[in-house]
Amino acid sequence: MAVELFPCLGLSFLGSCAYNPAQPSPVYFTIGDAVAALALTLAIQQFLKPIVVFRLRAYGLSIRYLILFAFVGFGCAIIAALLPNLPVAHDNLFEYPIFWELIGGALIGATYAVAAFIALGPARIYNFNLPAFVRAGAALLSSADDNDRVSFAEDLLRSPHNLARLINYAKAWEEADAHASALKFDELRQAGKPLSFQGRAPISAFYLFAHRRKLE
């Protein structure tokens, strides 16, 4: 009996495959798998703890994103289950159940990966998330109890470079003033004037531009 061939994933340039889009087998990602993945939302109270909310905000994330990804993954599994029973031509990638199975699995897998990363490790400061980290820390400390403050301190100390980066950025304006003062003294020295002045020396526009991110 000859095996009927179909365009692979609905794309003719990929050649022909024995995969029948009308009767896909095996199903790699079932509705049961999607329902099990939605158990993540039942643990939502764990993600409402102040320290977990802080970690999410420190990376510019929100618990709503995790819930959205889980539900979209569930929706992809539903589409994959319905497609074999719909009168569609299966002429393109979007009409193949395996496409939706892969997308759904990737979304729910990413949700679990982010949840594990947030729950198991401290928030870390990088160049891209420094403002978000500081804002999240301020929001946590403004409404935290003693336990939350201890957790926050542990997050700062568990990642050695966190404190080093905060201290480095905290003295940015002090360094800017010192640089401006040095330039002012050089200017006075070259002009043969007394090496003294009142107030703060103006910070040059070039310095402000070159160190704008650190100063911000």
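The largest pocket in this predicted model encloses about 270 Å³ of space. It is lined by 13 residues, and those closest to its centre are Leu130, Tyr169, Arg213, Lys214 and Glu216. If you look for the elements that give two or more residues to this lining, you will find helix 6, helix 8 (160-170), helix 9 (172-191) and helix 11 (212-215). In character, the lining divides into nine nonpolar residues, one polar and three charged.

Let's step back to the overall fold. The protein has eleven helices and two strands, and from the N terminus on the order is β-β-α-α-α-α-α-α-α-α-α-α-α. Of its 216 residues, 31% count as buried. The chain exposes about 13,500 Å², with carbon and sulfur atoms supplying 65% of that area. Among contacts between residues at least 6 apart in sequence, 64% join residues at least 24 apart.

Now for the interior. In soluble globular proteins, nonpolar side chains tend to be buried together. Here, the largest nonpolar core has 19 residues, and the members that touch the most others are Phe54, Leu56, Ala58, Ala123, Phe133 and Leu140. Helix 3 (50-58), helix 4 (63-82), helix 6 (130-143) and helix 7 (146-158) each supply at least two residues of this core. Helix 3 gives the most, with five residues. Apart from this core lies another, of seven residues, including Ala172, Ala176, Ala201 and Tyr207.

Two members of the largest core deserve a visit of their own. Start with Phe133: leaving aside residues up to four places away in sequence, Phe133 touches Phe54, Ala58, Ala123, Arg124, Ile125, Leu156 and Asn162.

Which loop holds Ala123? Ala123 lies between helix 5 (97-120) and helix 6. Is Ala123 buried or exposed? Ala123 counts as buried because its relative accessible area is 0%, where the cut-off for buried is under 20%. Again leaving aside residues up to four places away in sequence, the contacts of Ala123 are Phe54, Arg55, Ala58, Tyr59, Phe133, Asp155 and Asn162. Phe54, Ala58 and Asn162 are thus among the residues touched by Phe133 and also among those touched by Ala123. The pair Ala123 and Asn162 is worth tracing on the model: these residues are 39 apart in sequence, and their C-alpha atoms are 8.7 Å apart in space.

Key. Residues are numbered from 1 along each chain as its sequence is written. This is a predicted model: local features need pLDDT of at least 70, side-chain atom pairs count only at pLDDT 80 or more; totals for chains, interfaces and linings use all residues. Side-chain values use heavy atoms; hydrogens and water are left out. A nonpolar core is a set of buried Ala, Val, Leu, Ile, Met, Phe, Trp, Tyr and Cys residues joined through side-chain atoms within 4.5 Å. Buried means under 20% relative accessible area, exposed over 50%, partly exposed in between (1.4 Å probe, protein chains only). Helices (H or I, at least four residues) and strands (E, at least two) are DSSP runs, numbered from the N terminus. Contact means heavy atoms within 4.5 Å. Accessible areas come from the Shrake-Rupley method with a 1.4 Å probe; for residues, only the protein chains shown count as cover. On a 1 Å grid over the protein atoms alone, a cavity is a set of points where a 1.4 Å probe fits but cannot get out, and a pocket is an open set with protein on both sides within 12 Å along at least five of seven lines; lining residues have an atom within 4 Å of a point. Grid points are joined across faces, edges and corners, and a volume is the space filled by probe spheres set on the points. Ala, Val, Leu, Ile, Met, Phe, Trp, Tyr, Cys and Pro count as nonpolar, Asp, Glu, Lys and Arg as charged, and the others, Gly among them, as polar.
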